[in-house]
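Me: Please take a close look at one part of this model, the open sheet and what packs on it, and describe it in one connected account.

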Amino acid sequence: MAHAASLGQLFLQYTGQQATEQKELSASGSNRRYFRLSNEKCSVIGVQGTSEAENKAFIYMAKHFKEKGLNVPTVLAVSEDSMTYIQEDLGDTLLFDYIAEGRKTGAFCNKEKEMLRKTMRAIARFQVTGAEGFDFRVCYPQPEFNLRSIAWDLNYFKYCFLKATGLDFQEDRLENDFERLTYILLEKRSNTFMYRDFQSRNVMVHNGEPYFIDFQGGKKGPVYYDVASFLWQAKANYHPELRDELLEVYLTALEEYMPVDRQDFYATLRHFVLFRTLQVLGAYGFRGYFEKKPHFLQSIPFAIENLRQLLKEGSEDYPYLVEVLRNMTEMKQFKEVNVRKPLVVKVYSFSYKKGIPNDDSGNGGGFVFDCRAVNNPGKYERYKFATGLDDSVIQFLEEDGEILTFLDNAYQLVDASVKRYIDRGFQNLMVSFGCTGGQHRSVYAAQKMAEHINGKFGVEVQLIHREQNIENVFTNRQ
């Protein structure tokens, strides 16, 4: 194949040795093809593009950003026709994969959150420092965020997604509101670099730092667009509190380079979030409905859910557009699709005399552990009015030791299920501990299990000591 020979020649030109292995890597949305070429001493990424202008844009940008000290891959060698090139191999860890557990559960651990913070600080620098001395004439296909580029994206949504849904709407009225939205977006012109497709699939984690890739569609444009692209990425599953935190991290970093009016920023950002959501729906429609790529169809419910949340605020600026979008999100094909929600575990203590707790999730219940074989502190008068939450009962049970062995076995069983439930996207699990009166052994065991699950997996645990009328919630681990 022509591209294979060309990339092999570039590898030989750069290293002075032949590549002993060449493997094609998976690509997501573009028609560009990526390969890993390697031998015992060296590994590089080879790229075959379909557009000379797009390739030249990336090569120029990568060189410029590198000179500015920004984290991008180094371009190592380029073919004479600029249709292929090789670049630094940054490994295999996309930020999207690095935060996989957080995306699945909605509970991002400290390690994941810190990398997200680093990324938000880095994009602020990228947008401002990257634009210094930058020749925007090389950008492909447009040098700046302008009337034409906005019209392309809105029509992308209208023709590739909205019309494909079969929803009836008045096109003239919709176009009027498109014009109003366009006017609002164009009010915020700036000389900053707009990445355009800034999202966790286009960031790699290398040597503990975020590195930016696939920025060839960038242009001059407002900073809001990239913030909207990243924080409202359809499948990222950032909960509102984390999104707010990351936005504050970004704004604090941005203030190092330019003045920021926070109130105005928030007001403007919501328009860009809507616009970006429409753009990605257009992309999902084209790649999914027309090119039959399942990855994009799977992302549609997440983008629709984002849109539902945005529409709760409404907008007097473009009321008919909001009406059409609300009607669209209520269509049967979208209403019946459930977006994956994080697992919630309910842990009960109860008295067998009053029956096993009902499972209100409709799944018929889960684990039920019988604590009645464990030595019972309730048979002693001094513990009559205490519970498994009191120090005296805890000391009795732990010194006796039977409950500890009992719980070790229970942990192994429940841990295996929690892990599989998270992996498979299940939303509910119930674990119950019963004893004679629901006061001592079951209360102690349920408390320890709730703490164990939350501490190990970071998922929300709702703890109910039924007979004691005590409830507690262990929130997602921060």
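Reply: A good place to begin in this predicted model is Phe367, which stands opposite Val431 in β12. The strands concerned, β11 and β12 (residues 428–435), run parallel and are joined by four bridges. They belong to an open sheet of five strands, whose order is β11-β12-β10-β13-β14 and whose pairing is mixed. Because β11 (367–370) and β14 (470–474) each have a single partner strand, they stand at the edges, and one side of each is left without a neighbour in the sheet. From one strand to the next, the twist averages 15°. As background, strands of a sheet pair through backbone hydrogen bonds, in either a parallel or an antiparallel manner.

Two helices can then be placed against this sheet. Helix α15 (residues 402–424) packs on the sheet and touches β11 and β12, with a direction that makes about 180° with that of β11. Helix α16 (residues 441–457) also packs on the sheet, where it touches β10 (344–351), β12, β13 (460–465) and β14, and its direction makes about 170° with that of β10. Strand β12 is thus touched by helix α15 and by helix α16, while the edge strand β14 is among those that helix α16 touches.

Note on methods
Residues numbered from 1 in each chain as written. Predicted model: local features only at pLDDT ≥ 70, side-chain atom pairs only at ≥ 80, totals over all residues. Heavy atoms only, no water. Pairing = 2+ DSSP bridges. Axes fitted to C-alpha atoms, helices over the stretch in contact; angles between N-to-C directions. Contact = heavy atoms within 4.5 Å.
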